[in-house]
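Trainee: Could we go through this model together, starting with how its helices pack?
Mentor: Yes. Here it is.

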Amino acid sequence: MTDEKVIRIDPVTRLEGHGSLTIKLGPGNKVKDVQFNVNSTRFFEKFLEGRPMEEAPRIAPRICGICPIPHHLASVKAVEAAWGVTPPPAAIKLRRLMIEAKQLSSHAIHFYALAAPDFVFGPFADPSVRNVAAVLKHLPDVAVQAIKLMEFGQELIKTVGAKAVHPTTAIPGGQLAPLTEEDRDLFLGKVPEMLDNIHKTVDLAKTVVNAYIDVITKIAVTPTYYIGMNNKGVHDIYDGTIRVMDTEGKIVADFEPKDYTQHYGEHVAKHSYATHIYHKPAGYPEGIWRANTLARCNVVEKMATPLADAALTEMRELIGRPSHHTFAYHYARIVELVQAAEWCKILLEDPDICNTDVKLSDVEPRAGDGVGMVEAPRGTLMHNYVSDDKGMLVKANLIVATNNNIAGIEKSLMTAAKQVFEDKAHESLKLPDPLVKT
Amino acid sequence: MAQGSSCWGCFQSLIDIHLNLATVLPALDIKYWQAVVDYKLADLEGYPDKSIAVGLYEGMVRTEEDAHLLKIMRAKCQTLIAFGTCSCFGGIPGMANFSDIEECLDVKFRENPTTSGNVIPSENIPALEPVVVPNNTIVDFDIYLPGCPPTSRLILTAVSALLSGSPIELEPHTVCHYCDREKKETPVEKILRPYEGIADPDRCLLEQGYICVGSATWGLCEGQCVNKGVTCRGCYGPPPPVFQDQGANAISMMGTYAPLTPEEIKEQVKDPLGTFNRFTYTTSHLGSIRIKREEAKNK
């Protein structure tokens, strides 16, 4: 006989990826342990070895079908860094357009399809209605604005990248296809409707934030370190240095991607195939960091575009900087969604975006060690490849976006589990009436 | 809808049917779909056998849990679809079979520049299978829908047919059928790597020396890469009959087009297995020998 009780949640639903939860309770419902079990791994680092290095950008996107664009681009940047290649400026603009379009569609799918069912129907609604299919049924106008945002992003990726999922046009030395003026004009024509849907999304998000402010400010508030890319203090997802912020909100590092091994530590937890990442100088578990939307919004001084920067200022006035509010990840996602939309407009209006000089003709492989980093929707993404003198890939090290969050997720789950099982904190929360009653 | 070890790209491609979601989703009574609804594995296990009309299985089997989920889906579904190239042919993660599992674990956990502690995870997580075997050696499928991922158009065609109870009609052509480039039937003089030079936008990429496996690949993609200047790497697998050996076909096509000695081809192709069998290694002849070797080791 034991007083220990084990709660298993298998699988965790409405997320991208494979995971389950194990919560161990002792006598008096004392939370003894919380595990976030990531249930599989596919060994990309091993089977990238031995491939011609220019093929890595065509293989690595299969790590994630929701964010293949960041993988495609971190991969090609790593190859270019190893070989000492700088692509033409117009190619970089096309890549930036692709990654901003992905940020737009990914943040939209996350907010509307994964998160919104909780807010629309309430966290205690029956599983049969707490999903996006029911959003379509009960709030068709909201669903259509969501679908149109996702469509804008995904179709733009397909136009620049050949495929919306697992794009193929980025190659060491540039891009294999320029953007035609006809295609550019097609998307420019859709920009006003897209921005209108962005404004409606912001309005909905503000309603949700105000209605659930008690949850946001009280549940799962967990101090951690944060990691995110910036360009001289400005939010950037394609290129820049990497900032690390400590639990007090102090920037403790701002490093070049090539120096990542001085800052990244990977702790192999016994109960997860995904490792726990932490700031190496601070050690484990003290230096556990989180990435993703809120982390990026914490580490930067400002956003790159005006509407997004105003939204960031508004968010900071409400919840401060740094914000350790796990539920504010949704809020920060909307701030970044606005920036992605503004970037798409800026880039499509750039006269250079249809420049046909998008690929070098004289790329030469050489022995080298290259690091490519970008921000994926779910966090800082790092690809590190070693090339031999014929351009064959000898070694790969990958620390992917969500990986940065595994330890932080577990830490915030521990906070939430103690609040729920020990303090019954959820019973005294002020919850609004669901937007839709079922 | 169930997902083994996968990237979720097939799921994203399904979402990318855009406004058609407004007609498709309400027509479904979703019984299990972890990305979308909150039903748990125990719910799926509890349904009566054959009580679900149609099931899709995305991804390959890397863990014991993936195998369990696949078998449960077969038991519960009247029609089971191998959804995407991983589910049909093993896909890119099938390339893990190029190495032994211990070598894979070394690279990820034991000898990685950022890990420490020599720990291999094992608690409250499913065991890894020592080798990737094709899903169809574990269960039988009724329909194969390849693609990495299948295009949204292909998915919509399939789903619409299933909803109306009519057969799924798929064209049998290879990628070349959809490619706008001109073939002049000229021999390949030298094999080029894809970053070399600037390709002629109007001519067959293979004839210019760039390895393109479009002629050995099912064209359900409608040529989306080749028409943007990108060589085909075979992500839809072989054309019908779908279990012919795509890699062997691609190599024989290279031999036909490139009048080079075997030594020259070997030197210039660099990575034949990772180029011609990138998506279909586990269902290829060579891949099946690799799996048999593993089975012999375990006896």
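Mentor: In this predicted model, α10(A) passes α11(A) in a left-handed crossing (the near helix is turned anticlockwise from the far one by less than a right angle). Residues are numbered from 1 along each chain as written, chains are lettered from A and ligands numbered from 1 in written order. Local features need pLDDT of at least 70 and side-chain atom pairs 80 or more, while totals for chains, interfaces and linings use all residues.

Trainee: Are α10(A) and α11(A) roughly parallel or antiparallel?
Mentor: Helices here are DSSP runs of H or I, at least four residues, numbered from the N terminus. The axes (lines fitted to C-alpha atoms over the stretch in contact) of α10 (306-319) and α11 (329-349) of chain A come within 8 Å and cross at roughly 165 degrees. Angles over 145 count as roughly antiparallel. So the pair is roughly antiparallel.

Trainee: Which residues of α10(A) meet α11(A)?
Mentor: Contact means C-beta atoms, placed from the backbone, within 7 Å. On the α11(A) side are A:Tyr331, A:Ala332, A:Val335, A:Val338, A:Gln339 and A:Glu342. From α10(A) come A:Leu307, A:Ala308, A:Ala311, A:Leu312 and A:Met315.

Trainee: At what angle do α4(A) and α6(A) pack?
Mentor: α4 spans residues 89-121 and α6 residues 140-161, with axes 8 Å apart. Their crossing is left-handed, and they are roughly antiparallel to each other. The angle is about 155 degrees.

Trainee: How many nonpolar residues does the contact of α4(A) with α6(A) have?
Mentor: Ala, Val, Leu, Ile, Met, Phe, Trp, Tyr, Cys and Pro count as nonpolar, Asp, Glu, Lys and Arg as charged, the others as polar. This contact has 4 polar and 1 charged residues. The nonpolar count is 15.

Trainee: Which helix gives the most to the largest nonpolar core?
Mentor: Such a core joins buried nonpolar residues, Pro left out, through C-beta atoms within 7 Å; buried means 20 or more other C-beta atoms within 10 Å. This one has 228 residues, and A:Leu104 and A:Ala108 are among those touching the most other members. A:Ala108 touches residues including A:Ala146, A:Leu149 and A:Leu337. With 17 residues, the top contributor is α4(A).

Trainee: Which helix gives the most to the side of chain B that touches chain A?
Mentor: There, 68 residues of chain B are in contact with 72 of chain A. The chain B side divides into 36 nonpolar, 18 polar and 14 charged residues. With 6 residues, the answer is α1(B).

Key. Axes are lines fitted to C-alpha atoms, for helices over the stretch in contact, and angles run from 0 to 180 degrees between N-to-C directions. Helices (H or I, at least four residues) and strands (E, at least two) are DSSP runs, numbered from the N terminus. Angles under 35 degrees count as roughly parallel, over 145 as roughly antiparallel, 65 to 115 as roughly perpendicular and the rest as oblique. A residue is buried if 20 or more other C-beta atoms lie within 10 Å of its own, exposed if 12 or fewer, and partly exposed in between; C-beta atoms are placed from the backbone. Two residues are in contact if their C-beta atoms, placed from the backbone, lie within 7 Å. Lists of a residue's contacts leave out its neighbours within four places in sequence.
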